[in-house]
Amino acid sequence: MSRNPESLYTRVRQEVGVRADRLWEVSLALHREPETAYEEHRAARLLAGELEREGFAVERGVAGLPTAFVARTGSAAGARGGPVVALLMEYDALPRLGHACGHNLIASAGLGAALAVRAALGGIEGTLLAVGTPAEERGGGKVALVGAGVFREVDAALMFHPGVHDWVWAPLTASAQLRVGFHGRAAHPTGSPTEGIDALGALIQLFNTLGVLDRRLPPGSHVQGIVTDGGRATNIVPAYAEGLFGLRGGTTSALEALVEELRSCARGVASATRTRVEVSDVGGRYEHFRDNEVLSALFAAHLDRAGIPLSEPTAGVYLGSSDIGNVSTRVPAIHPWVAVMGPDGSDHTPEFAEAAAGPRARQVMTAAAEALACTAVDVLLRPEVSERAWAGLRAKAAGR
């Protein structure tokens, strides 16, 4: 078979095309039966089964996560030899909103790219992985996969995300969730008011303190909290109160500084109110995303052939956080955004969930599958691509 890049790009697009109807069926199946973080059993079975039927060797339950999997193919499958490309799939949904982040499209595009590359290249000179990554919306499946060494020998981690912008990369911040619990002492608020120590009052004071702190945070950083336990009755001084706080930082180091600020504020409030405070992490921390310009430029060029041009992100706009950040600090990675609705819309809304099953979404899924597959071909067949991608990652790591 010819290894001419242009002929391979054409073959890849043909392979995606012949599978387009089935890929859309998979996407709609995920959309009809949304499953939240760590509960994506049907989705994982469906995707892994599709890969297995086309010749991938599938390992399920990776990193101790029942809904994670790694599918392998290639001349070096299971052993280091030649470049290693990982195509990432997300498939968890949002509580009560379903696929309002479009993960059904991420999964079907990643699936289509993996199947097309295997069919187009035949005997792959290297390793192609299709990685099922659960729990992006809560908990961080990729954090566990990184810890388990799934990406240890990967040269390129590729995925796309549907959205309301056509951006070549995603300005994703670092994030963490912390639970803060104050312990006080119960008492009757009128019968023995001096005996009580109001844990809820302490938690409210922490919210007020963080409100002052928020005004001086750098761009990309903020704190958002909710009360998860505020007491049991109005005629009892709350002995315990708890809040859940989401923290974001423009960089991982900015997040770490913000976490310490919150801990310091909580300790100060506890001292002032004579309560006892406990601060604990909830789930894994997401690192900020480091785009790999070499790989992103290749993806953008391939997507442009489908009539979807990508631009640089709007300065000062942050799109949230994702566990792809933890992958991107370790191996060259991409996370472009491709619009499935207009810029006046927003993900994490019922309208976006509807758009993720609409005609524009199908066009985007197919185009993204083609561009991901062509980018994977670039890494697998052009050694200089991997070399340049790694050089770019090291340069960013050196500059923090």
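1. A residue counts as partly exposed when its relative accessible area lies between the buried range, under 20%, and the exposed range, over 50%. In this structure, which is a predicted model, V317 has a relative accessible area of 30% and is therefore partly exposed.

2. V317 belongs to the loop that runs between α7 (293-304) and α8 (324-328). Once its neighbours within four places in sequence are left aside, V317 is in contact with W167 and P171. For the second of these residues, P171, the C-alpha atom is separated by 7.4 Å from that of V317, although the two residues are 146 residues apart along the chain.

3. Two residues other than glycine deserve a look at their backbone angles, since both have a positive phi: the value is near 65° for R96 and near 60° for A135. R96 lies in the loop between β3 (84-89) and α3 (103-121), while A135 is found in the loop between β4 (127-132) and α4 (141-147).

4. Are these two residues buried or exposed? With a relative accessible area of 83%, R96 is over the 50% cut-off and so counts as exposed. A135, by contrast, has a relative accessible area of 0%, which is under the 20% cut-off, and so counts as buried.

5. Turning to the whole chain, the protein contains 11 helices and 11 strands. Its radius of gyration is 23 Å, close to the 21 Å that the globule rule gives for 400 residues, so the protein is as compact as a globular protein of that length. Along its principal axes, the C-alpha trace spans about 85 × 45 × 40 Å, a set of extents that may be read alongside the radius of gyration of 23 Å.

6. Of the 400 residues of the protein, 54% count as buried. What share of the contacts between residues at least 6 apart in sequence joins residues at least 24 apart? The share is 80% for this protein, and the pair V317 and P171, in contact and 146 residues apart along the chain, offers one example of such a long separation.

7. On the surface, the protein exposes about 16300 Å², and carbon and sulfur atoms supply 51% of that area. As for the charges, the protein has 38 positive and 44 negative ones, and the mean positions of the two sets are 4 Å apart.

Terms used
Residues numbered from 1 in each chain as written. Predicted model: local features only at pLDDT ≥ 70, side-chain atom pairs only at ≥ 80, totals over all residues. Heavy atoms only, no water. Helix = DSSP H or I, 4+ residues; strand = E, 2+ residues; numbered from the N terminus. Buried < 20%, exposed > 50% of the residue type's maximum accessible area, 1.4 Å probe, protein only. Contact = heavy atoms within 4.5 Å. Rg over C-alpha atoms; globule rule 2.2 N^0.38 Å. Areas by Shrake-Rupley, 256 points an atom, 1.4 Å probe, with all protein chains shown as cover. Lys, Arg positive; Asp, Glu negative; His and termini not counted. Charge placed at Lys NZ, Arg CZ, Asp CG, Glu CD.
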